[in-house]
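Work through the exercises below with the sequence and the model at hand. Each task is followed by a solution in steps.

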Amino acid sequence: MAFTSDLDQITRAAAGDAAAVRALVNRYSPGVLALATRMLGETAEAEDVTQETFIRAWKALPGWEPRAKFSTWLHRVALNLCYDRLRKRREVLPDELPDRADVALGPQDALDQAQRVKAVEAAIARLPERQSAALTLCALQGHSQAEAADIMEISVEALESLLARARRTLRGELLDGRKVS
């Protein structure tokens with residue numbers, strides 16, 4: 001039962017138990033890093049956000065109240081940090097997105113796949129922040145809509161609306177080569 005385990009580890013971490021801190025970092029840092037990487041498109045900056053997320057979490061642990069799952073709260077902290085960084089660099093897009101080609105593919109197939117991945121990542125990066133966050137949390141990170149809505153501090157209906165607009169825009173850009181608002 002992860003939730004009970006979290007409460008026990010949070011209590012121990014707040015009391016200074018290094019093993020509990022390590023356990024929480026080991027459990028949640030991959031998901032926080034993946035969210036930050038998707039949102040920011042840059043590994044080094046995502047690592048900074050992940051580190052800052054956990055620093056803020058440790059500072060808040062003594063007064064933390066379990067109104068939501070720890071993972072939901074932690075992802076919310078990371079998402080807010082990502083929003084802050086995106087606002088600071090709004091006009092600047094990454095020069096190059098990372099290659100994610102499957103090495104098992106032939107050269108032409110790998111090139112085609114890499115181009116498709118770049119097109120999708122670029123299209124997601126052009127989405128408004130909230131649509132990009134909703135899509136990243138649900139489609140790429142596997143959070144349920146309820147969890148993603150909690151992380152974004154919106155209703156499930158509002159999240160569904162963001163997801164529908166994001167998917168419509170992506171469909172328009174990727175299939176028709178035009179933007180749909």
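## Exercise 1: a pair within one helix

E52 has a relative accessibility of 25% and counts as partly exposed. The model is a predicted one.

**Task.** Classify R56 by its accessibility, and determine how its side chain and that of E52 meet.

**Solution.**
- Step 1. The relative accessible area of R56 is 43%. Partly exposed covers the range between 20% and 50%, so R56 is partly exposed.
- Step 2. A salt bridge requires a side-chain nitrogen of Lys or Arg within 4 Å of a carboxyl oxygen of Asp or Glu. Between R56 and E52 the N to O distance is 2.9 Å, and the two side chains form a salt bridge.
- Step 3. R56 and E52 both belong to helix α3, residues 43-60. They are about one helical turn from each other, because they are 4 residues apart in this helix.
- Step 4. The pair also belongs to a network of salt bridges, in which E45, E52, R56 and R85 are linked.

## Exercise 2: two pairs between helices

**Task.** Which parts of the chain does the pair R126 and E173 link, and which does the pair R38 and E121 link?

**Solution.**
- Step 1. The side chains of R126 and E173 form a salt bridge, with an N to O distance of 2.5 Å. This pair links distant parts of the chain: R126 is in helix α5 and E173 in helix α8, 47 residues apart.
- Step 2. The contact between the side chains of E173 and R126 is also a polar contact, at 2.5 Å.
- Step 3. R126 is partly exposed, with a relative accessible area of 43%. The limit for buried is under 20%; E173, at 14%, is therefore buried.
- Step 4. R38 and E121 meet through their side chains in a salt bridge of 3.7 Å, N to O. Here too distant parts of the chain are linked: R38 lies in helix α2 (residues 18-40) and E121 in helix α5 (residues 107-126), 83 residues apart.
- Step 5. R38 has a relative accessible area of 32% and is partly exposed, whereas E121 is buried at 12%.
- Step 6. The count of salt bridges in the model comes to 12.

## Exercise 3: surface patches

**Task.** Which residues make the patch of positive charge on the surface, and which element gives the most to it?

**Solution.**
- Step 1. The positive patch gathers R130, R165, R167, R168 and R171.
- Step 2. Helix α8 gives the most, with 4 residues.
- Step 3. R171 is found in helix α8. Its relative accessible area is 48%, so R171 is partly exposed.

**Task.** Which residues make the nonpolar surface patch, and is L175 buried or exposed?

**Solution.**
- Step 1. V120, L174 and L175 make a nonpolar surface patch of about 270 Å².
- Step 2. L175 lies in helix α8, which covers residues 156-176.
- Step 3. Exposed means over 50% relative accessible area. L175 has 66% and is therefore exposed.
- Step 4. For contrast within this helix, E173 also lies in α8, but E173 is buried, with a relative accessible area of 14%.

Notes: Residues numbered from 1 in each chain as written. Predicted model: local features only at pLDDT ≥ 70, side-chain atom pairs only at ≥ 80, totals over all residues. Heavy atoms only, no water. Patch = residues over 30% accessible without salt bridge, like charges linked within 9 Å, V, L, I, M, F, W, Y side chains within 5 Å. Areas by Shrake-Rupley, 256 points an atom, 1.4 Å probe, with all protein chains shown as cover. Buried < 20%, exposed > 50% of the residue type's maximum accessible area, 1.4 Å probe, protein only. Polar contact = N/O pair within 3.5 Å; in protein donor to acceptor, adjacent residues only side chain to side chain. Lys, Arg positive; Asp, Glu negative; His and termini not counted. Charge placed at Lys NZ, Arg CZ, Asp CG, Glu CD.
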